[in-house]
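Biologist: I should like to examine the terms used for this model and learn what each rests on. Please set every value against its definition.

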Amino acid sequence: MAVGSLVGPLGARLQSLFDLIDDVQGQSLNRYDRIWDCCCDHGYLGIKIVEAELCDKLVFVDQVPHIIQWLDSKLDVLPRERFDLIAGDAADLIFDPGQRHLVILAGVGGSTIITIIGAILKIYGENGIDFLLCPTNGVFEVREYLIEEQISLMDEWIVSEKGRQYEVIHIRAGAGIDEYVKVSLIGNMWNVNDQEHEAYLKKILAHYQRAEQGDDAERSKMILEEYRGIC
Ligand SMILES: C[S@@+](CC[C@H](N)C(=O)[O-])C[C@H]1O[C@@H](n2cnc3c(N)ncnc32)[C@H](O)[C@@H]1O
């Protein structure tokens, strides 16, 4: 365990989200007032953010009450004014429109991410809310949704952890978009000379080649064509 920390070092996936937040919070103009560690489970990322004092308040959110109760007791030693805890659905959050918000949705599937963003934007679509996404699956569907909703891309990358690759997408919805940057269906972050990217692409191609033999053949074929364009 890191000295002075409640938790050990973050894995590469969560560390890459932490690094982005650390970077943004270092720029006084773009600083988020509230950071929401939604679907937080163990709360590792949120804990590191609170410990590093990267925002005025971090909110841990998980729909499982005993996870939040457990976190509440574990976080006893952290300054209480720096965090809140919510046991509930991340789709039901209430945002102060006078503040800048970053909603982290990591470690959950694409359909959960789409449902949560949709519910939030239904109410706060005009307010300007940023999201940091790291889906465990269904990333193509997430990207389709972001394009449909005209949500603007801020940054995206691929991160590898324990032989598995994840896409991270930092986006802005609603007001406050200086220059709209369209999200692309497969991402613009590919580096064909990077072995991890190559391994990830192979897995995606294999997945949709299998899917092409199933019920959704036409759609899988279309998606395959998109990814084949990277090679
Ligand atoms: C695998 S953990 C992810 C933990 C952490 N975010 C990460 O990336 O390592 C997924 C957590 O999401 C929570 N969850 C799933 N859907 C949710 C929702 N709609 N609202 C709040 N929490 C949710 C689950 O209870 C579970 O604890």
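Modeller: Of the 231 residues in the protein, 29% are buried.

Biologist: What makes a residue buried?

Modeller: Neighbours are counted as other C-beta atoms, placed from the backbone, within 10 Å of the residue's own: 20 or more make it buried, 12 or fewer exposed, and anything in between partly exposed. The model is predicted, and for local features a pLDDT of at least 70 is required, for side-chain atom pairs 80 or more, whereas totals for chains, interfaces and linings use all residues. Residue numbers start from 1 in each chain and follow its sequence as written.

Biologist: How many helices and strands does the protein have, and what pattern does it follow?

Modeller: There are seven helices and seven strands, a helix being a DSSP run of H or I of at least four residues and a strand a run of E of at least two, both numbered from the N terminus. Along the sequence they are arranged as α-β-α-β-α-β-β-α-β-α-β-β-α-α.

Biologist: Why is the protein called as compact as a globular protein of that length?

Modeller: The radius of gyration, taken over C-alpha atoms, is set against the globule rule, 2.2 Å times the number of residues to the power 0.38. For 231 residues the rule gives 17 Å and the protein has 18 Å; the two are close, so the description holds. Along the principal axes, the C-alpha atoms fill a box of roughly 55 × 40 × 35 Å.

Biologist: Which residues come nearest to the ligand?

Modeller: They are C39, D41, A90, A106 and G107, out of 18 residues around it; a residue is near a molecule if its C-beta atom, placed from the backbone, lies within 6 Å of it. Strand 2 (57-62) and helix 4 (110-124) each contribute at least two residues to this shell. By class, the shell has 12 nonpolar, three polar and three charged residues. Here Ala, Val, Leu, Ile, Met, Phe, Trp, Tyr, Cys and Pro are nonpolar, Asp, Glu, Lys and Arg are charged, and the others, Gly among them, are polar.

Biologist: What makes I67 count as partly exposed?

Modeller: I67 has 19 other C-beta atoms within 10 Å, a count between the buried and exposed limits, and is therefore partly exposed. This residue of helix 3 (residues 65-74) touches D41 and D62, leaving out residues up to four places away in sequence; contact means C-beta atoms, placed from the backbone, within 7 Å. D41 is also among the residues nearest the ligand.

Biologist: How do you know whether Y227 is buried or exposed?

Modeller: Neither word applies: 18 C-beta neighbours inside 10 Å fall between the limits, so Y227 is partly exposed. Y227 belongs to helix 7 (residues 217-228) and, apart from residues up to four places away, touches I186, L201, I204, L205 and Y208. Its C-alpha atom is 8.0 Å from that of I204, 23 residues away along the chain.

Biologist: Why is A175 called exposed, and M189 partly exposed?

Modeller: A175 has 12 C-beta neighbours inside 10 Å, which meets the limit for exposed, while M189 has 15 and therefore counts as partly exposed. A175 lies in the loop between strand 7 and helix 6, and M189 is found in the loop between strand 7 (164-173) and helix 6 (195-212). Setting aside neighbours within four places in sequence, A175 contacts E126, N127 and G128, and M189 contacts E156, W157 and I158. The C-alpha atoms of M189 and E156 are 6.4 Å apart, with their positions 33 residues apart along the chain.

Biologist: What is the phi of E53, and how exposed is E53?

Modeller: Phi is positive, about 55 degrees, although E53 is not a glycine. Its 11 other C-beta atoms within 10 Å make E53 exposed, and it lies in the loop between helix 2 and strand 2. Q150 likewise has a positive phi, near 55 degrees; with 12 C-beta neighbours inside 10 Å, Q150 is exposed.

Methods:
Two residues are in contact if their C-beta atoms, placed from the backbone, lie within 7 Å.
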